[in-house]
Amino acid sequence: MAETVFAPWDDPNETPLITFQNVTKRFGDFVAIDDLTLDIFEREFFALLGPSGCGKTTMMRMLAGFENPTEGAISLAGKDIAGVPPNKRAVNMMFQSYALFPHLTVWDNIAFGLKRDNLSKDAVATRVEEMLKLTRLQKFARRKPHQISGGQRQRVALARSLAKAPKLLLLDEPLGALDKKLRQDTQFELMDIQEKTGTTFVIVTHDQEEAMTVASRVAVMDEGRIIQVATPERIYEGPNSVYVADFIGDVNILSGTAKPFGREMYQVDWGGGTLATAASAKPFSDGQSCHLAIRPEKISITADRPEADNAVQGKVLDIAYLGNLSTYYVELPTGQTIKAQTANTRRISRRTFTWEDPVWVSWTATAGVLLDS
Amino acid sequence: MRRALLISVPYFWLLVLFLVPFAMVFKISLSDSVLAIPPYAPTMKEGIWALLTQLDFENFTFLTTDDLYWKAYLSSVRIAAISTVLTLAVGYPVAYAMARAPEEWRATLMMLVILPFWTSFLIRVYAWIGILSTEGFLNQFLFGIGLISEPLTILNTPTAVYIGIVYTYVPFMILPIYAALERLDGSLIEAAEDLGCSRLQAFWLVTIPLSKNGIIAGCFLVFIPALGEFVIPSLLGGSSTLMIGKVLFEEFFSNRDWPVASAVAVILLLILIVPIILFQRNEQKQAEADQ
């Protein structure tokens, strides 16, 4: 039995939990957020992805209540939250530095928010124990933050921000301080906890892999604007601009002019020997300048001319060996370089190609995405 | 060997500049007052044995018979304690404002706090006489704006002593508190607010506990010198303010009773040792916590 796909953003009957309506935020002359409109739905794991200074942290701070929008409105569960101070919002935040109180034990850190709600002692204790169990911290309850490891501190910060069962949890670069291995484990833990608690998570990150792994939808931001909002697959397979294609993962960009060629098919004159064939649902006029974006793993590399929609000959300029994968940098007669990625299914000693080998790179008409300038 | 040499330097310092003078004062406190130079007996001229046999605790017994002394000690402790609280009340907001000031201002603000030390302490206390006296600047100013019709009597009252002590020692309160507050991570306050604290609660539950060590250090740095303070009460407090520093001065210079004065000094030191030990322990705990 197939599960129903979680996609409230495609359902016109769903009301979003959070709405940004034409939000602009200025700091003096600097425009941090530029006329931004966005809906985030309940139970979503929403990632704000972008380079530093793109405004993602400002968006998060506006949700937490530390900043107010200069123009526009932000609403949470249908209510405008402008001017509501942070302590009156059903929103909690996990800080990048974790911001654990150094003078309190792990237990007291987690209980801190609960005690502010005038709960009974027993209710606080029950909830804290629950959180300690969820984050597997029972053994460290009596320790101070400086007596535990970075990964444990991260879990305390998460437990503390989840303890009040907020409608919305904000995570500011939550895994930035962890090493790669721990980060990967923690990503799955985060997803697991998000699913268990059913809380809406908004995560800010500059790590695209992290965003792709954890998020139900990713918003790619640049200079205070959202460039694209979509599921990780859609962002990766169907970027809407050269910026997104380039920001997420590795990509070959062939720039040239489009020429319609059959139904939803185009030929791209990119300056190579032959025209490239590409499918695109988006219409292009004859002679319109365009960019063909092709992911390296969708390009095959062969010794003989293959039967493919697009094939170009070149020679191997460089090989980047990543263990499981190898990226071949193939130089074309025009001087352009194309990256082709293959899985290393054989041992390295039996590698087919080496430096300076003449090879053919090829891809299908549907492998790439045709983007306008 | 080198380590022993290095460690011996502070111990030597302590021996020469603290223990030896203390031993001398202690010896005088056990002697008898005489009309001679020096004004006490016995001295080393009579030989070690004669000297040791003639020492007694007479002066310490005398201190308990006259209620002037214990009243002076008590009054000093009270004045020093109240001054410490007042200094904290003045110093904490200043330190807080300095720590919250824009980065580029902080060095200047710090300079302004230290600046009064460039003028002689004595001159600064004298200046307060000019401000606080009946015809002083303060009364003239209050007259000028029509707030009072009768001049206020501040000089030669305990109030003047409190003003003098707070004014003189407030930098010692500001600096350690500022050091503690400046290190405070601003995101901790935001985290407290995010978890449901009002501004005031966040201050009480996060800022105060995290600047506790600075507060304790500042309080000791004010309390300890204020307890033995002599110049401020004698210049600003007049005859109505009883402080042990003044009693000590009078015993030495007016009565020329060095043995009794020394006994007073020894007791004062014993009173001071308790807060000094507490202070040291606080410093040590802080050093351990920082590791």
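Student: How do you know where the domains of chain B begin and end?
Tutor: This is a predicted model, and its domain bounds come from an automatic or database assignment. That assignment divides chain B into domain 1 (21–56) and domain 2 (62–290). Their C-alpha centres lie 37 Å apart.

Student: What makes residues of these two domains count as being in contact?
Tutor: Two residues are in contact if their C-beta atoms, placed from the backbone, lie within 7 Å. For chain B, nine residues of domain 1 and eight residues of domain 2 take part in the contact.

Student: Which elements supply the side of domain 1 of chain B that touches domain 2 of chain B?
Tutor: α1 (2–29) and β1 (32–33) of chain B each give at least two residues. The largest share, four residues, comes from α1(B). Sorted by class, that side of domain 1 of chain B holds five nonpolar, three polar and one charged residues.

Student: Staying in chain B, why is α9(B) called oblique to α10(B)?
Tutor: Helix α9 (residues 186–194) and helix α10 (residues 199–210) of chain B have axes that come within 10 Å and cross at roughly 135°. Angles over 145 count as roughly antiparallel and 65 to 115 as roughly perpendicular, with the rest beyond the roughly parallel range being oblique. The crossing fits neither of those two ranges, so α9(B) is oblique to α10(B). The crossing is also right-handed.

Student: Which residues make that helix contact?
Tutor: From α9(B) come L188(B), I189(B), A192(B) and E193(B), while α10(B) gives A202(B), L205(B), V206(B) and T207(B). By class, the contact has six nonpolar, one polar and one charged residues.

Student: Let's turn to chain A. How is chain A divided?
Tutor: Chain A has domain 1 (8–243) and domain 2 (250–372). The C-alpha centres of these two domains of chain A lie 39 Å apart. Four residues of domain 1 of chain A are in contact with five residues of domain 2 of chain A. On the domain 1 side, two are nonpolar, two are polar and none is charged.

Student: What makes β2 and β5 of chain A edge strands?
Tutor: Each of them, β2 (30–40) and β5 (79–80), pairs on one side only. They belong to an open sheet of four strands in the order β2-β1-β4-β5 of chain A, with antiparallel pairing.

Student: How do you know that β1 and β2 of chain A are paired?
Tutor: Pairing needs at least two bridges between the strands. Strand β1 (residues 18–27) of chain A and β2(A) have seven bridges, in the antiparallel sense, so they meet that requirement. As one example, F20(A) has L38(A) as its bridge partner in β2(A).

Student: What are the partners of β16 in chain A?
Tutor: Strand β16 (residues 310–321) of chain A is joined to strand β19 (residues 358–363) of chain A by six bridges, and the two run antiparallel. In that pair, K315(A) has P358(A) as its bridge partner. β16(A) also pairs with strand β17 (residues 325–331) of chain A, antiparallel and over six bridges. There, I319(A) is bridged to Y328(A). The hairpin of β16(A) and β17(A) has three residues between the strands, and in it G323(A) takes a positive phi near 95°.

Student: How many residues does each chain give to the contact of chain A with chain B?
Tutor: Chain A gives 15 residues and chain B gives 14 residues. On the side of chain A, β6 (91–94) and α2 (106–115) are the elements that give two or more residues. By class, that side has eight nonpolar, five polar and two charged residues.

How values were computed. Residues are numbered from 1 along each chain as its sequence is written. Chains are lettered from A and ligands numbered from 1 in the order in which they are written. This is a predicted model: local features need pLDDT of at least 70, side-chain atom pairs count only at pLDDT 80 or more; totals for chains, interfaces and linings use all residues. Ala, Val, Leu, Ile, Met, Phe, Trp, Tyr, Cys and Pro count as nonpolar, Asp, Glu, Lys and Arg as charged, and the others, Gly among them, as polar. Axes are lines fitted to C-alpha atoms, for helices over the stretch in contact, and angles run from 0 to 180 degrees between N-to-C directions. Angles under 35 degrees count as roughly parallel, over 145 as roughly antiparallel, 65 to 115 as roughly perpendicular and the rest as oblique. A crossing is left-handed if the near helix is turned anticlockwise from the far one by less than a right angle, and right-handed if clockwise.
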